[in-house]
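This report describes how one protein chain is arranged, beginning with its interior and moving on to its aromatic rings and its backbone. The reader is invited to follow each step on the structure shown below.

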Amino acid sequence: MKKIFAGNNDFIKTRILIVSLLITVAALSACWNPFTPETQPSPGIQYHNPVDSAYKVLENLEYAYRNREIVHYLDCFRDDFEFHLQEVDWFDYNDDGIIDTYWGLDQEEAFHILMFNNVSSIDLSLSGTQESPWTGDPTGESYKLPRTFDLKVYTDEAHSNGFRAAGSALFICRPDTNTGEWYIWQWWDESDI
């Protein structure tokens, strides 16, 4: 992976590198509490509650990244969440002997606990406003929201070291049948390789 200012467009490889880096940092420090990150809310970013529209869950995702708040991050998903990988990134991530083409909420949570608590700051910007019904859901309730993203993860307070990923993603959002609040059901990595 390249330094943040080198311009790497491979989102999933950056995620894997960050996970490796954070596991090393966590093993060395062994003193962090994953449930109490020391952060201040970023100015100008609103957290929506209730999440009564699909676009609001993506704004909440940005908020959670920028503020490194794991509870708000996990509120963007439900137990059936899937992060879909590009074929080049398929791997046995959970060590069950089967190549994974996507991972679920457990791996997403573990990754983000490490990341949120072991980096200096994160800046995620999602661009785009398109939202349309997604025909892949037989209930007809899901919407697809294609977005471009720019993710910067800084590993020092001076913002001179870190990683960057930019590209495209497709978010499939739908309302929870019990609460009616929207969540990200599927996240498809569509970054340029």
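## The nonpolar core

In this predicted model, the largest nonpolar core holds 37 residues, and Leu61, Tyr65, Tyr73, Phe171, Ile184 and Trp187 touch the most other members. Many elements contribute to this core: at least two residues each come from H2, helix H3 (70–74), strand S1 (77–84), helix H4 (105–118), strand S3 (121–127), strand S5 (143–154), strand S6 (162–175) and strand S7 (182–189). H2 gives the largest share, six residues. In soluble globular proteins, nonpolar side chains tend to be buried together.

Leu61 illustrates these contacts. Leaving aside residues up to four places away in sequence, Leu61 touches Tyr73, Cys76, Phe77, Leu124, Leu126, Phe171, Ile184 and Trp187. Another core, of five residues, lies apart from the largest one; Trp134, Leu170, Tyr183 and Trp185 are among its members.

## The chain as a whole

The protein chain has four helices and seven strands. Along the sequence they follow the pattern α-α-α-β-β-α-β-β-β-β-β. Of its 193 residues, 48% count as buried. The chain exposes about 9900 Å², and carbon and sulfur atoms supply 52% of this area. Among contacts with a separation of 6 or more, 62% are accounted for by residues 24 or more positions apart.

## Two helices

Helix H2 covers residues 54–67. At 1.5 Å a residue, its 14 residues should span 20 Å, and the end C-alpha atoms are 21 Å apart, which agrees. H2 is mostly covered, with eleven of its 14 residues buried. These buried residues include Val57, Leu58, Leu61 and Tyr65, and also Lys56 and Glu62.

Val57 is found in helix H2 and is buried, with a relative accessible area of 1%. Which residues does Val57 touch, not counting residues up to four places away in sequence? They are Val51, Cys76, Cys173, Trp182, Tyr183 and Ile184. Val57 and Ile184 are 127 residues apart in sequence, but 7.1 Å apart in space, C-alpha to C-alpha.

Helix H4 also has 14 residues, for which a span of 20 Å is expected at 1.5 Å a residue; the end C-alpha atoms are 20 Å apart, which agrees. Ten of the 14 residues of H4 are buried, so this helix is largely enclosed by the rest of the structure. Among the buried residues of H4 are Leu105, Phe111, Ile113, Leu114, Met115 and Phe116, together with Glu108 and His112.

## Aromatic rings

The structure holds 13 aromatic pairs. A pair of aromatic rings is described by the distance of the centres and the angle of the planes. Two of the pairs are set out here.

| Pair | Centre to centre | Angle between planes | Arrangement |
|---|---|---|---|
| Phe77 and Phe81 | 4.3 Å | 55 degrees | tilted |
| Tyr93 and Trp103 | 5.1 Å | 85 degrees | edge-to-face |

The pair of Tyr93 and Trp103 links distant parts of the chain: Tyr93 lies in the loop between S1 and strand S2 (102–103), while Trp103 lies in strand S2, ten residues apart. Are the rings in these pairs on buried or exposed residues? Because residues under 20% relative accessible area count as buried, Phe77 at 3%, Phe81 at 2%, Tyr93 at 18% and Trp103 at 7% are buried.

Tyr93 and Trp103 also belong to one aromatic cluster with Phe83, Phe91, Phe171 and Trp187. Elsewhere, Arg174 lies over the face of Trp185, at 3.6 Å from the ring centre.

## Backbone details

Where does a cis peptide bond occur? It joins Asn49 and Pro50, with omega of about 10 degrees. Pro50 is found in the loop between helix H1 (11–29) and H2.

Arg68 has a positive phi of about 50 degrees although it is not a glycine. This residue comes just after H2, in the loop between H2 and H3, and at 12% relative accessibility Arg68 counts as buried. His159, likewise not a glycine, has a positive phi near 60 degrees. His159 lies in the loop between S5 and S6 and, at 34% relative accessibility, counts as partly exposed.

Terms used: Residues are numbered from 1 along each chain as its sequence is written. This is a predicted model: local features need pLDDT of at least 70, side-chain atom pairs count only at pLDDT 80 or more; totals for chains, interfaces and linings use all residues. Side-chain values use heavy atoms; hydrogens and water are left out. Buried means under 20% relative accessible area, exposed over 50%, partly exposed in between (1.4 Å probe, protein chains only). Contact means heavy atoms within 4.5 Å. Accessible areas come from the Shrake-Rupley method with a 1.4 Å probe; for residues, only the protein chains shown count as cover. The expected span of a helix is 1.5 Å times one less than its number of residues. A nonpolar core is a set of buried Ala, Val, Leu, Ile, Met, Phe, Trp, Tyr and Cys residues joined through side-chain atoms within 4.5 Å. Rings of Phe, Tyr and Trp (its six-membered ring) pair if their centres lie within 6.5 Å; planes under 30 degrees apart count as stacked, over 60 as edge-to-face and the rest as tilted. A charge sits over a ring if NZ of Lys or CZ of Arg is within 6 Å of the ring centre and within 35 degrees of the ring normal.
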